[in-house]
Amino acid sequence: MPVTEIKKDIYWVGVVDWNIHDFHGYSKAPQGTTYNAYLVIDDKITLFDSVPAKFQMDLYHQIRSIIPLEKIDYIVCNHIEPDHSGAMPFLMEKIQPEKVFCSKMGHRMLLDHFHQPDWPYHPVQTGDSISLGKRTVQFMETRMLHWPDSMFSYIPEEKLLISNDAFGQNIASSERFDDEIDLAMLMAEASHYYFNIVLPFSPRVIAVLDEVAKLGLEIDMIAPDHGIIWRSNVPLILQAYRDYAEQKPNKKAVIVFDTMWHSTEKMAKAIAEGLMEEGVAVRIMHLKQYHHSDVMGALADATGIICGSPTHNNGIMPLMADFLTYMKGLKPLGRVGAAFASFGWSGESLNILTEWLKSAKIEVVEPGVKCKNVPDHAKLAECKELGRQVGKAIVAKVEAEA
């Protein structure tokens with residue numbers, strides 16, 4: 001992939017991973033991703049971030065198309081996760097930089113990952129800055145956005161924010177900028193990325209956005225470590241991140257279920273009818289067809305989450321257990337939920353689902369609906385009524401915050 005000059009003498013030298021679809025082992029990335037690294041040519045030539053170890057030769061050739069690697073003076077590690085630091089041992093050998101800048105926690109994590117105490121570490125914190133010559137780099141720690149080591153690098157002369165994982169998306173593309181691709185698709189991928197990776201740290205997102213505003217940083221370009229660079233829609237993605245973090249209620253619900261012989265599926269459809277009668281939009285998602293990260297993507301703008309499963313070995317279906325574990329870890333806030341279940345003889349799944357939802361701090365509408373074997377018209381009517389009750393709770397929540 002050719003390097004791209006994103007500003008005068010500042011280059012994208014990253015790698016496009018066209019074929020990855022399993023991102024970090026827990027989220028789907030059907031459009032692939034990029035690992036973005038940035039090279040600033042100044043009196044002190046500086047490389048910001050790197051790529052996974054398996055792509056280190058790609059990065060090598062990207063940089064060599066501009067300058068020999070040994071001319072690089074500084075390396076800045078904004079984030080130590082291996083997809084952004086994996087090439088560090090190779091780079092350190094080839095470049096032998098004067099200094100490696102990272103956060104204080106990043107220093108510890110570089111030691112833990114690579115066990116190289118002799119690298120020229122220079123830990124920085126919020127408020128520290130360095131001169132590259134014509135340009136300055138200001139550092140801002142962004143702990144738990146989304147790792148403890150995370151930080152931003154801001155170049156005020158260029159109004160450029162290099163933001164590591166924040167504001168990223170999983171998109172493999174020959175285009176580098178937000179005004180070169182479909183904006184609706186870009187925003188959908190940014191939302192999917194946020195709700196599967198950044199969501200648990202939403203309070204930190206708000207705090208960081210407030211700090212950026214307080215510092216009065218002028219930003220006309222955001223260069224994340226994954227996906228597309230923002231140059232025409234910077235205010236849009238900044239506001240979107242605040243909206244994502246605030247998780248304001250919407251009149252939408254996701255019904256997620258697994259089923260063996262379609263009884264639970266029939267119940268899901270009846271619940272959806274009740275929700276729609278209350279003016280709530282619905283998405284029905286069968287876990288054998290949708291990955292848990294797809295469900296979280298759908299839950300991004302949904303206030304309702306209704307979960308259904310047959311009883312299986314005195315528990316719930318494995319894919320439902322997987323989803324509930326995943327959702328609980330992401331800590332969605334302000335959601336309304338309910339449970340429904342079918343069973344053949346023992347029937348534990350309804351209580352299990354209800355307790356899982358409560359443990360995830362979901363506001364549960366009770367009682368849920370439980371059906372032995374195949375639902376008849378009366379049981380489907382109960383399901384429809386459950387949908388109505390959840391719908392009323394969603395509408396009330398939306399109106400309360402209007």
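# Exercises on a predicted model

The end C-alpha atoms of residues 253-391 lie 8 Å apart, and this span is 44% helix and 26% strand. The model is predicted, and the exercises below work through its sheets, its helices and its buried residues.

## Exercise 1. The annotated span

Find what the UniProt record lists for residues 253-391.

Solution. The unreviewed UniProt entry gives these residues as "domain: Flavodoxin-like". Within the model, the helix content of the span is 44% and the strand content is 26%, with the C-alpha atoms of its two ends 8 Å apart.

## Exercise 2. The sheet of 7 strands

Work out the strand order of the open sheet of 7 strands, and explain why strands S1 and S11 stand at its edges.

Solution. Begin with the order, which reads S1-S2-S7-S8-S9-S10-S11, with mixed pairing. Strand S1 (4-7) and strand S11 (121-124) each have a single partner strand, so that one side of each is left without a neighbour in the sheet. On average, neighbouring strands here are turned by 25° against each other, direction ignored.

Next, take one edge in detail: strand S10 (residues 99-103) pairs with S11 in the parallel sense over 4 bridges, and Phe 101 stands opposite His 122 in S11.

Then place the helices. Helix H4 (residues 104-114) lies across S10 and S11 and runs at about 115° to S10, whereas helix H3 (residues 88-95) lies across strand S8 (46-48), strand S9 (74-76) and S10, running at about 165° to S9.

## Exercise 3. Helix H3 and its packing

Identify the buried residues of H3, and state which elements they pack against.

Solution. The buried residues of this helix are Met 88, Phe 90, Leu 91, Met 92 and Ile 95. Their packing partners are the strands S8, S9 and S10 together with helix H1 (56-64), helix H2 (82-85) and H4. Just after H3, Gln 96 takes a positive phi of about 50°.

## Exercise 4. The sheet of 5 strands

Trace the open sheet of 5 strands, and follow its pairing from S12 to S13 and on from S13 to S14.

Solution. The strand order is S12-S13-S14-S15-S16, and the pairing is mixed. S12 and strand S16 (221-223) are the edge strands, each pairing on one side only. Neighbouring strands are turned by 20° against each other on average, direction ignored.

Strand S12 (residues 129-131) pairs with strand S13 (residues 136-141) in the antiparallel sense over 3 bridges; along this pair, Ile 130 stands opposite Val 137 and Ser 131 stands opposite Thr 136. The hairpin of S12 and S13 has 4 residues between the strands, and in it Gly 133 takes a positive phi near 130°.

On the next step, S13 pairs with strand S14 (residues 151-155), again in the antiparallel sense, over 4 bridges, and Glu 141 has Met 151 in S14 as its bridge partner. Helix H6 (residues 202-215) lies across S13 and S14, running at about 145° to S13.

## Exercise 5. The nonpolar cores

Determine how many residues the largest nonpolar core has, and which of them have the most contacts inside it.

Solution. The core has 62 residues, and those with the most contacts inside it are Phe 167, Tyr 241, Phe 323 and Met 327. Helix H5 (residues 183-198) supplies the largest share of this core, 8 residues. Apart from it lies another core of 34 residues, among them Ile 41, Leu 47, Leu 59 and Met 109. In soluble globular proteins, nonpolar side chains tend to be buried together.

To look at one member of the largest core, leave out residues up to four places away in sequence: Tyr 241 then touches, among others, Phe 167, Tyr 193, Tyr 194, Val 198, Val 205 and Leu 209.

## Exercise 6. Tyr 38 and His 192

Decide whether Tyr 38 and His 192 are buried or exposed, and describe the surroundings of each.

Solution. Since buried means under 20% relative accessible area, Tyr 38 is buried at 0%, and His 192 is buried at 16%.

Tyr 38 is found in strand S7 (residues 38-40). Leaving aside neighbours within four places in sequence, its contacts include Ile 6, Trp 12, Leu 47, Phe 48, Ile 162 and Pro 224. A polar atom of the Tyr 38 side chain lies 2.5 Å from the backbone oxygen of Pro 224. Tyr 38 and Asp 49, 11 residues apart in sequence, are 6.9 Å apart in space, C-alpha to C-alpha.

His 192 lies in helix H5. With residues up to four places away in sequence not counted, His 192 touches Ser 27, Lys 28, Ser 293, Asp 294 and Gly 297.

Methods. Residues numbered from 1 in each chain as written. Predicted model: local features only at pLDDT ≥ 70, side-chain atom pairs only at ≥ 80, totals over all residues. Heavy atoms only, no water. Pairing = 2+ DSSP bridges. Axes fitted to C-alpha atoms, helices over the stretch in contact; angles between N-to-C directions. Contact = heavy atoms within 4.5 Å. UniProt positions renumbered as here; feature names shortened; annotations may be inferred. Core = buried A, V, L, I, M, F, W, Y, C linked by side-chain atoms within 4.5 Å. Buried < 20%, exposed > 50% of the residue type's maximum accessible area, 1.4 Å probe, protein only. Polar contact = N/O pair within 3.5 Å; in protein donor to acceptor, adjacent residues only side chain to side chain.
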